[in-house]
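Please walk through this fold with me, from its sheet to its core. Keep the 3D view open as you read.

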Amino acid sequence: MGRLKGKNKSKARNKKRSDARKKSESYKKKILAKILKWDEPVLSEKCIAVEKDEDIHNLIKDMGRVISFSKNGVGLAASQIGVTKRVIAAMLDKKNITIFINPEILIHNGDVIKSREMCLSFPNFECVIDRYDTITMRYEDIDRELHTKEFKGFNAIVLQHELGHLREGLCDVGKEWKRQNTLPPVEEIVEQEEYEPSVKVESNSSE
Ligand SMILES: [Zn+2]
């Protein structure tokens with residue numbers, strides 16, 4: 001295509017920009033639509049360990065994208081996008097997306113704090129959960145190197161939330177939603193594109 005001049009050129013540029021924006025928005029929507037919600041059966045399934053040589057490259061990529069495209073998502077378990085494997089993505093210190101493979105909590109420590117939490121799978125539903133403000137976790141990183149590390153405050157809370165998805169199927173927010181026996185809001189069933197914060201933390205811990 002040849003180059004355009006003057007008005008036409010800027011018109012074409014604007015159209016190009018708006019096309020690119022639309023494209024990236026629809027791509028975002030497509031990625032965010034992967035998040036399973038409410039009473040989707042997979043959300044209640046326990047997750048199984050990732051095998052030694054299992055290729056989870058695409059899963060990790062998808063999880064990273066979901067977290068970074070979601071408005072306020074700070075944690076995601078693989079089962080939330082339909083893969084019942086023990087993999088977590090967490091936005092540590094609210095900024096770095098970190099992948100944890102086959103994580104398990106070895107020690108719960110510190111004070112028990114009240115944490116106000118939300119979950120990407122239960123949008124607009126929030127509840128207060130008791131959490132330890134310090135945990136020691138064993139996990140593998142994306143290179144499958146084994147680590148044992150202590151996490152405190154915000155990070156400890158996000159990881160405890162996500163571990164719930166792996167360990168028991170439903171996370172604590174999901175359990176509370178189920179316990180209250182409320183129906184998913186109608187607009188959430190129709191419109192899948194509204195995503196709210198996953199984990200909001202209210203803690204009195206001092207890091
Ligand atoms: Zn959750």
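The paragraphs below take the sheet, then the helices packed on it, then the nonpolar core. Bear in mind that this is a predicted model.

Start with the sheet. It is open and has 5 strands, in the order 1-2-3-4-5, with antiparallel pairing. Two strands stand at its edges: strand 1 and strand 5 (146-152). Each has a single partner strand, so one side of each lacks a neighbour in the sheet. Direction ignored, neighbouring strands are turned by 45° against each other on average.

Now look at one end of that order. Strand 1 and strand 2 pair in the antiparallel sense, over 3 bridges. Here Leu76 faces Ala89 of strand 2. On to the next pair. Strand 2 and strand 3 also run antiparallel, joined by 6 bridges. Two positions help to place the register: Ile88 stands opposite Phe100 in strand 3, and Ala90 stands opposite Thr98 in that strand. These two strands form a hairpin with 3 residues between them. Within this hairpin, Asp93 takes a positive phi near 50°.

How much of strand 2 is buried? The count is 5 of its 6 residues, so the strand is largely enclosed by the rest of the structure.

Part of the packing on the sheet comes from helices. Helix 2 lies across strand 1, strand 2 and strand 3. Its direction is at about 35° to strand 2. Helix 4 packs on the sheet as well, where it touches strand 3 and strand 4. The direction of helix 4 makes about 145° with that of strand 4.

Next, the core. The largest nonpolar core holds 38 residues. Which of them touch the most other members? They are Met63, Ala78, Val87, Ile88, Ala90, Leu159 and Val173. Several elements each supply at least two residues of this core. The helices on that list are helix 2 (57-69), helix 3 (153-168) and helix 4 (172-180). The strands are strand 1 (75-77), strand 2 (87-92), strand 3 (96-119) and strand 4 (122-140). Helix 3 gives the most, with 7 residues.

Finally, zoom in on Ala78, one of the core residues that touch the most other members. Set aside its neighbours within four places in sequence. Ala78 is then in contact with Cys47, Leu59, Met63, Val83, Thr84, Lys85 and Val87. Two of these contacts, Met63 and Val87, are also among the core residues that touch the most other members.

Definitions and conventions:
Residues numbered from 1 in each chain as written. Predicted model: local features only at pLDDT ≥ 70, side-chain atom pairs only at ≥ 80, totals over all residues. Core = buried A, V, L, I, M, F, W, Y, C linked by C-beta atoms within 7 Å. Buried ≥ 20, exposed ≤ 12 C-beta atoms within 10 Å, placed from the backbone. Helix = DSSP H or I, 4+ residues; strand = E, 2+ residues; numbered from the N terminus. Contact = placed C-beta atoms within 7 Å. Pairing = 2+ DSSP bridges. Axes fitted to C-alpha atoms, helices over the stretch in contact; angles between N-to-C directions.
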